[in-house]
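Grab a pencil and work through these exercises with the structure open beside you. Try each task before you read its solution.

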Amino acid sequence: MTYRLTTLTQSDLPHAAALAAAAFSDTPCYNQILPGDITRRTSFLAWLFEKNFSLRLKDECGRCTYDGDKLISFFMFTKPDVRHPTCCDMLRVGLITGLWTYGFRAVKRLLDTKSWFENKEKEVLGEREGTMIRLERMTVLPEYQGKGVGTFALSAALQEADELGMPCILGTQERRNVIFYSRLGFKVVDEANVPIGDGYTNWIMIREPKPKARLQKI
C-alpha cells in the first residue's frame with residue numbers, strides 16, 4: 001500500500017479537525033478542560049481544532065497522510081518563524097462562541113491550560129525558546145494504528161527538521177506516547193503535574209537534529 005503525504009488544505013480542514021477531535025477526546029488534558037460527556041467533548045474539540053488549524057493554514061503547518069482519498073493521519077508541524085496563536089487570535093476566529101455553546105468554565109480551563117503550558121515551556125527551554133519546530137495533534141485513524149502509519153507520516157517531517165538543523169519539541173500527557181516518540185529520537189526533558197482540574201502528568205520531549213553526513217574526500 002502506498003500512502004500519500006500532503007499539506008492541509010481548506011477543503012480538508014473539517015476532516016482533519018474531526019480526526020484529531022476523535023483521537024484527543026479522551027485524553028487527560030481535555031478530560032479536565034471539559035469533564036463529563038465524551039460526545040459533547042468531541043464536538044467541542046472538533047470546533048476548537050478547526051478554528052486553531054485555520055489560523056495556520058497559510059503557513060502549511062498541517063501535515064496529512066492519505067490512503068487513496070482517505071485521510072488516515074494528521075499532525076501539526078509548526079516552525080519557529082510561525083507565530084503561535086494568541087488568545088486574541090482565538091477570539092478573532094470565534095472562540096467567544098464557545099462561551100455560549102460549551103460554557104464559561106470550559107473556555108476558562110482551556111485558557112488556563114494554554115497559559116500553564118506556555119509558562120512551563122519557557123521555564124524548561126530558557127534561551128532555547130522559539131528555536132524549535134513544534135509537533136502537535138499527532139493522530140492516526142484507529143483502523144490504521146499499529147501499521148507503521150505514524151512513523152511513516154513523521155519520518156518525512158523529521159528528515160526536514162534534520163535538513164534545517166532544527167530540534168523538534170512536543171508535549172504529551174500519555175505514557176504510551178512517550179514510548180512511541182522515544183523510538184523516533186525524542187527524549188524527555190521535563191515531567192510535571194498540570195494543576196488544572198484534578199491534575200495530570202505532562203511530559204515535554206525534544207528531538208535534536210541529526211548531524212548531516214559529511215562527504216568523504218577521495
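**Walking across the sheet**

Let's start with one pair: Ser73 stands opposite Val140 in S4. Keep in mind that this is a predicted model.

**Exercise 1.** Find out in which sense S3 and S4 pair, and over how many bridges.

*Solution.* Begin at Ser73, which faces Val140 in S4. Now follow both strands: S3 and S4 pair in the antiparallel sense, over 5 bridges. While you're there, check how covered strand S3 (residues 70-78) is: 8 of its 9 residues are buried. Buried here means under 20% relative accessible area.

**Exercise 2.** Work out what S2 and S3 form, and how many residues lie between them.

*Solution.* First, look at the pairing: strand S2 (residues 62-67) runs antiparallel to S3, and 6 bridges join them. One spot to check is Gly62, opposite Met76 in S3. Next, look at the turn: S2 and S3 make a hairpin with 2 residues between them. Gly68 sits in that turn and has a positive phi of about 70 degrees.

**Exercise 3.** Decide whether S4 and S5 run parallel or antiparallel.

*Solution.* Start from Ile133, whose bridge partner in S5 is Cys168. Then trace strand S4 (residues 133-140) and strand S5 (residues 168-172): they run parallel, joined by 2 bridges.

**Exercise 4.** Put the strands in order and name the edge strands.

*Solution.* Step across the open sheet and you get 7 strands in the order S1-S2-S3-S4-S5-S7-S6, with mixed pairing. The edges are strand S1 (4-7) and strand S6 (187-194), each pairing on one side only. Finally, direction ignored, neighbouring strands are turned by 25 degrees against each other on average.

Conventions. Residues numbered from 1 in each chain as written. Predicted model: local features only at pLDDT ≥ 70, side-chain atom pairs only at ≥ 80, totals over all residues. Heavy atoms only, no water. Pairing = 2+ DSSP bridges. Helix = DSSP H or I, 4+ residues; strand = E, 2+ residues; numbered from the N terminus. Axes fitted to C-alpha atoms, helices over the stretch in contact; angles between N-to-C directions. Buried < 20%, exposed > 50% of the residue type's maximum accessible area, 1.4 Å probe, protein only.
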